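Thank you all for coming. Please take a moment with the sequence and the structure before I start talking through them.

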Amino acid sequence: MIITILFVLQYIFLFGILAILGYLAFIMVSFRNTVPYVPTPRRIIKQMIKLAEIKPGERVVDLGSGTGRIVIPTAKKYKANLIIGIDRSFFLRLVTKLRLLFHPFINKRIQIVNQDFFNADIASFDVIFCFLTPTALRLLTPKFKLLKAKSRIISYMFSVEDTQGFNETIKHISTNDTIYIYQKL
Ligand SMILES: C[S@@+](CC[C@H](N)C(=O)[O-])C[C@H]1O[C@@H](n2cnc3c(N)ncnc32)[C@H](O)[C@@H]1O
């Protein structure tokens, strides 16, 4: 009996090590992209959602939704909103969809889309979450300019350079963490 338990534990341990190594390899490979996969810290996500001041019916998108760390808590908190996550990584979309299996009451209000956000039409969204890079934000700026009045961009870590047409608010959460909010005028 003890031998069987040890045998099974050995396989669980091996599987765990392989999963961690696979995850680390995925993160390293993703650093070759314009925007690598780096998860937003949970305490920051809480602040980003709060600062977005989402109203019932508003359309919300996370550009580069990763494993759903922003879309899932947003859908949990705001029950009258459709939340879209755009990510072009098959692996990260799969992880999000697996996570959604554990949230049956919100998964109808979340859509995970396989798309390159540089080609996405984001003009109809009211709230745009992003944790991207300065280059990606620069490339997306022409799309940001097409947003409706009062739409908000909630950007963690990096600011939008061209803020013409936006009201910018900067929230320093800690020495290393800043959230930038851009409201379209
Ligand atoms: C810094 S991560 C942010 C992940 C997620 N928002 C979070 O808070 O955990 C950036 C995400 O953007 C995705 N991404 C990078 N370039 C993309 C592109 N052109 N189109 C769609 N998704 C992209 C990556 O796969 C990654 O999941």
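**The ligand and its pocket**

I will begin with a single contact, in which a polar side-chain atom of aspartate 87 lies 2.6 Å from an oxygen atom of the ligand. Please keep in mind throughout that what you have in front of you is a predicted model.

Two further contacts involve nitrogen atoms of the ligand: aspartate 62 places a polar side-chain atom 3.1 Å from a nitrogen atom, while arginine 88 has a backbone N or O atom 3.4 Å from a nitrogen atom. As for how the ligand is enclosed, the protein covers 97% of the 590 Å² of accessible area that the ligand has on its own.

How many residues surround the ligand, and which are the closest? There are 21 of them, and the closest are Thr40, Gly64, Asp87, Asp116 and Phe117. If we sort the residues of this shell by character, we find 10 nonpolar, six polar and five charged.

Where, then, does the ligand sit? Its place is in the largest pocket, for which the computed volume is about 440 Å³. The lining of that pocket is made up of 29 residues, of which Val35, Pro36, Tyr37, Gly64 and Asp87 are the closest to its centre. Gly64 and Asp87 are therefore names to remember from this list, as both also belong to the closest residues around the ligand. The lining of the largest pocket comprises 13 nonpolar, 11 polar and five charged residues.There is also a second largest pocket, which holds about 210 Å³ of space. Its lining includes Leu51, Ala52 and Glu53, and also Lys150, Arg152 and Asn167. Further along the chain, Thr169, Lys171, Ile181 and Gln183 are among the residues that line the second largest pocket.

Finally, let me step back to the whole chain, which is divided into domain 1, covering residues 1-32, and domain 2, covering residues 42-184. Taken over C-alpha atoms, the centres of domain 1 and domain 2 are separated by 32 Å.

Terms used: Residues numbered from 1 in each chain as written. Predicted model: local features only at pLDDT ≥ 70, side-chain atom pairs only at ≥ 80, totals over all residues. Heavy atoms only, no water. Near = heavy atom within 4 Å. Polar contact = N/O pair within 3.5 Å; in protein donor to acceptor, adjacent residues only side chain to side chain. Areas by Shrake-Rupley, 256 points an atom, 1.4 Å probe, with all protein chains shown as cover. 1 Å grid on protein atoms, 1.4 Å probe; cavity = no way out; pocket = protein on both sides within 12 Å on 5 of 7 lines; lining within 4 Å. Sits in = over half its atoms within 2 Å of the grid points. Nonpolar A, V, L, I, M, F, W, Y, C, P; charged D, E, K, R; others polar. Domains from an automatic or database assignment. Points joined across faces, edges and corners; volume = space filled by probe spheres on them.
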